[in-house]
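Hi,

Here is the structure we talked about handing over. Please load it first; my notes follow below.

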Amino acid sequence: MSDNLMRVQPIRNGTVLDHIKAGRGRKVLDALDLIDKGTTITLLMHVPSKKNSSKDVIKIEDRELSESESQKLALLSPGAHVNIIRNFVVAEKNVAELPESISNVAICSNDNCISNNERGAKTKFNIINGNPLSIQCVYCGRKIAQDNIIFI
Ligand SMILES: [Zn+2]
């Protein structure tokens, strides 16, 4: 466990998202839809970090991330660390890596896209650029820049 993680009050069970890009933590929280869900969450912003000079950290108690939540994190802050905490110990440590494509994580902004008009259709995007983030719908070809991505 890094010094910075120790500085944060430890949690017994849950997930600590570490090394989130500074200032990006709030966006991650919004995308993961964790607010007002009865989960205890701590957001630390601009925590001093040797690695990137400053970072955001999110502690989520008694909960681990689903596959689609991990993908959202990877999109918003590739390189973030996902630490699964069990009984105060880091049981698993993963790095959120930018996927090549995402399914059912975001909505296509093209109203005429088949993914918006066919019942039960899943959305799928290829990641065409990581920084700044840009994704492209595999059905209609619409490119969507990071600030316009609407997560499901
Ligand atoms: Zn589309």
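**Lys21 and strand 1**

Lys21 sits in strand 1. Keep in mind throughout that this is a predicted model. Lys21 has a relative accessible area of 31%, so the residue is partly exposed. Setting aside residues up to four places away in sequence, Lys21 touches Asp56, Leu76, Ser77, Pro78 and Asn131. Asn104 is another matter: Lys21 and Asn104 are 83 residues apart in sequence and 24 Å apart in space, C-alpha to C-alpha.

**The sheet**

Strand 1 covers residues 14-21 and runs antiparallel to strand 3, residues 53-61. Six bridges join the two. Within this pair, Thr15 stands opposite Ile60 of strand 3.

The wider picture is an open sheet of five strands. Its order is 2-3-1-4-5, and the pairing is antiparallel. Which strands form the edges? They are strand 2 (41-49) and strand 5 (89-95), each of which pairs on one side only. From one strand to the next, the twist averages 20°.

**Salt bridges**

How many salt bridges does a search of the whole structure find? The count is six. Three of the pairs are described here.

- Lys55 and Asp18: their side chains meet at 2.8 Å, N to O. Lys55 is in strand 3 and Asp18 is in strand 1, so the pair ties together parts that are 37 residues apart in sequence. Both Lys55 and Asp18 are buried.
- Glu69 and Arg63: this salt bridge is also listed at 2.8 Å, N to O. Glu69 is buried, because its relative accessible area is 9%. Arg63 has 26%, so Arg63 counts as partly exposed.
- Arg86 and Glu92: the N to O distance in this salt bridge is 3.4 Å. Arg86 is at 37% relative accessibility and therefore counts as partly exposed. Glu92 is at 36%, so Glu92 counts as partly exposed too. Salt bridges with shared partners join Glu64, Arg86 and Glu92 into one network.

For your own checks, then: the Lys55 and Asp18 pair has both partners buried, while the Glu69 and Arg63 pair joins a buried residue to a partly exposed one.

**Helix 3 and Ala74**

Helix 3 spans residues 67-76, and Ala74 is part of it. Is Ala74 buried or exposed? At 2% relative accessibility, Ala74 counts as buried, because the cut-off for buried is under 20%. Not counting residues up to four places away in sequence, Ala74 touches Ala96, Glu97, Leu98 and Pro99. Take Glu97 from that list: Ala74 and Glu97 are 23 residues apart in sequence, yet 5.5 Å apart in space, C-alpha to C-alpha.

**The zinc site**

The model also holds a zinc ion with protein donors. Which residues supply them? They are Cys108, Cys113, Cys137 and Cys140, each through its SG atom. These donors lie 2.3 to 2.4 Å from the zinc ion. Along the sequence, the donor residues are spaced C-x4-C-x23-C-x2-C.

What is the geometry of the four donor atoms? They subtend angles of 102 to 115° around the zinc ion, which makes the arrangement tetrahedral. The reasoning rests on a cut-off: four donors count as tetrahedral if all angles lie between 85 and 135 degrees. For reference, ideal angles for four tetrahedral donors are 109.5 degrees.

Accessibility is available for two of the donor residues. Cys108 is at 3% relative accessibility, so Cys108 counts as buried. Cys113 has a relative accessible area of 1%, and therefore Cys113 is buried as well.

**Asn110**

Asn110 belongs to the loop between strand 7 (106-107) and helix 4 (114-117). With a relative accessible area of 15%, Asn110 is buried. Leaving aside neighbours within four places in sequence, Asn110 is in contact with Asn116, Cys140 and Arg142. One of these contacts leads back to the zinc site, as Cys140 is among the donor residues.

**In short**

Three items to look at, in any order: the open sheet of five strands, the six salt bridges, and the tetrahedral arrangement of donors around the zinc ion.

Best wishes

Definitions and conventions: Residues are numbered from 1 along each chain as its sequence is written. This is a predicted model: local features need pLDDT of at least 70, side-chain atom pairs count only at pLDDT 80 or more; totals for chains, interfaces and linings use all residues. Side-chain values use heavy atoms; hydrogens and water are left out. Two strands pair if DSSP finds at least two bridges between them. Helices (H or I, at least four residues) and strands (E, at least two) are DSSP runs, numbered from the N terminus. Axes are lines fitted to C-alpha atoms, for helices over the stretch in contact, and angles run from 0 to 180 degrees between N-to-C directions. Donors are N, O and S atoms within 2.8 Å of the metal (3.2 Å for Na, K and Ca); water is not among the atoms, so sites may look incomplete. Four donors count as tetrahedral if all angles lie between 85 and 135 degrees; four count as square planar and six as octahedral if opposite donors are over 155 degrees apart and all others between 65 and 115; anything else is irregular. Buried means under 20% relative accessible area, exposed over 50%, partly exposed in between (1.4 Å probe, protein chains only). Contact means heavy atoms within 4.5 Å. A salt bridge is a side-chain nitrogen of Lys or Arg within 4 Å of a carboxyl oxygen of Asp or Glu.
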